[in-house]
Amino acid sequence: MSETDIDAVASWLREARSVVILTGAGISTESGIPDFRGPDGVWTKNPAAERTATIQHYVADRDHRVRSWANRAGSPMHNAEPNAGHYALTALEGKGRLDTLVTQNIDGLHHAAGTSPERIVEIHGTVRDYACLGCADRGPIEVVLERVRNGDEDPHCEQCGGLLKSATISFGQALIAEDLERSQLAAANCDLFLAIGTSLTVYPVAALPEIALQCGARLVVLNAQETPYDPAAATILRDGIGTVLPQIVERV
């Protein structure tokens with residue numbers, strides 16, 4: 001880890017007019033939540049799991065829904081706590097150096113760390129809520145998880161009888177248009193874009209750094225593995241996010 005690089009990123013954060021940060025699964029691995037596409041990622045180890053992560057498969061296969069709800073009811077994600085990386089971004093906001101935080105993560109840990117909800121765009125949704133695929137009823141997911149623990153293997157909506165799922169965006173589901181538009185506008189208006197813990201391969205979110213670059217922003221990549229945007233980055237940091245990010249923010 002280069003002290004020069006840390007100092008440079010800190011100075012860019014101090015001087016920036018508008019800072020946009022995109023986070024991916026890599027920022028939550030230190031909270032015990034495995035990523036998807038890293039060397040030990042969930043989908044790297046089990047490619048079949050990625051193939052079944054579609055809305056079409058969820059709707060068509062009751063057994064898959066039963067497994068999904070059972071896994072969700074016992075998921076470590078619900079007991080995960082924010083780590084130093086999440087808290088560093090909250091501290092960055094406290095210093096007035098964060099405009100918009102777009103996260104691909106569904107774990108809710110940025111909220112738990114204290115980042116202001118109005119700064120956060122959960123572009124892939126959240127596991128903290130459930131959503132009905134029929135009438136769009138929505139609420140705290142714990143309400144449905146309690147039903148699952150009490151024996152309701154494949155819970156349906158109590159309002160309309162439709163299928164319930166976590167309020168996350170599965171493959172085959174469109175992103176919420178307002179969230180995508182807000183993220184794209186923030187990227188176009190920023191002059192510093194940090195991509196943290198993301199492979200930058202899942203579109204349309206992976207296009208956000210390109211939008212920022214085209215509009216003249218500086219790009220910083222903090223990620224353990226290479227990304228397609230590395231050649232365009234002003235600097236790249238490969239060290240642990242929970243180690244390097246607090247050091248950067250401390251110097252802002």
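The exercises below concern strand order and helix packing in a predicted model.

Local features require pLDDT of at least 70 and side-chain atom pairs pLDDT 80 or more, whereas totals for chains, interfaces and linings use all residues. Residues are numbered from 1 along each chain as its sequence is written, and side-chain values use heavy atoms, with hydrogens and water left out.

**Exercise 1. The six-stranded sheet**

Task: Determine the order of the six strands in the open sheet and state which strands are at the edges.

Solution.
1. Helices (H or I, at least four residues) and strands (E, at least two) are DSSP runs, numbered from the N terminus. Two strands pair if DSSP finds at least two bridges between them.
2. Strand S1 (residues 19-23) pairs with S2 in the parallel sense over four bridges, and Leu22 stands opposite Val102 in S2.
3. On S2 there is also parallel pairing with strand S3 (residues 120-122), over three bridges; here Val102 stands opposite Val121.
4. Strand S8 (residues 218-222) and S9 are joined by three bridges in the parallel sense, and the bridge partner of Val221 in S9 is Ile236.
5. The complete order is S3-S2-S1-S7-S8-S9, with parallel pairing. The edges are S3 and strand S9 (235-237), each of which pairs on one side only.

**Exercise 2. The faces of strand S2**

Task: State whether the residues on the two sides of strand S2 (residues 100-103) are buried or exposed.

Solution.
1. Buried denotes under 20% relative accessible area, exposed over 50%, and partly exposed the range in between (1.4 Å probe, protein chains only).
2. Thr100 and Val102 lie on one side, and Leu101 and Thr103 on the other.
3. All four are buried, and both faces of S2 are therefore covered.

**Exercise 3. The three-stranded sheet**

Task: Give the strand order and the sense of pairing in the open sheet of three strands.

Solution.
1. Strand S4 (residues 125-132) and S6 pair in the antiparallel sense over four bridges. Within this pair, Cys132 has Leu164 of S6 as its bridge partner.
2. The order is S5-S4-S6, and the pairing is antiparallel.
3. Strand S5 (138-140) and strand S6 (164-168) are the edge strands. From one strand to the next, the twist averages 45°.

**Exercise 4. Two helix pairs**

Task: Classify the packing of H6 with H11 and of H5 with H8 by the angle between their directions.

Solution.
1. Axes are lines fitted to C-alpha atoms, for helices over the stretch in contact, and angles run from 0 to 180 degrees between N-to-C directions. Angles under 35 degrees count as roughly parallel, over 145 as roughly antiparallel, 65 to 115 as roughly perpendicular and the rest as oblique.
2. The axes of helix H6 (residues 84-94) and helix H11 (residues 241-250) come within 8 Å and cross at roughly 20°. H6 is therefore roughly parallel to H11.
3. Contact means heavy atoms within 4.5 Å. Residues of H6 in this contact include Ala88 and Leu92, and those of H11 include Leu245 and Val249.
4. Helix H5 (residues 62-73) packs against helix H8 (residues 141-149) at about 110°, with the axes 10 Å apart. These two helices are therefore roughly perpendicular to each other.
5. The contact of H5 with H8 is made by Trp69, Arg72 and Ala73 of H5 together with Ile141, Val144, Leu145, Val148 and Arg149 of H8.
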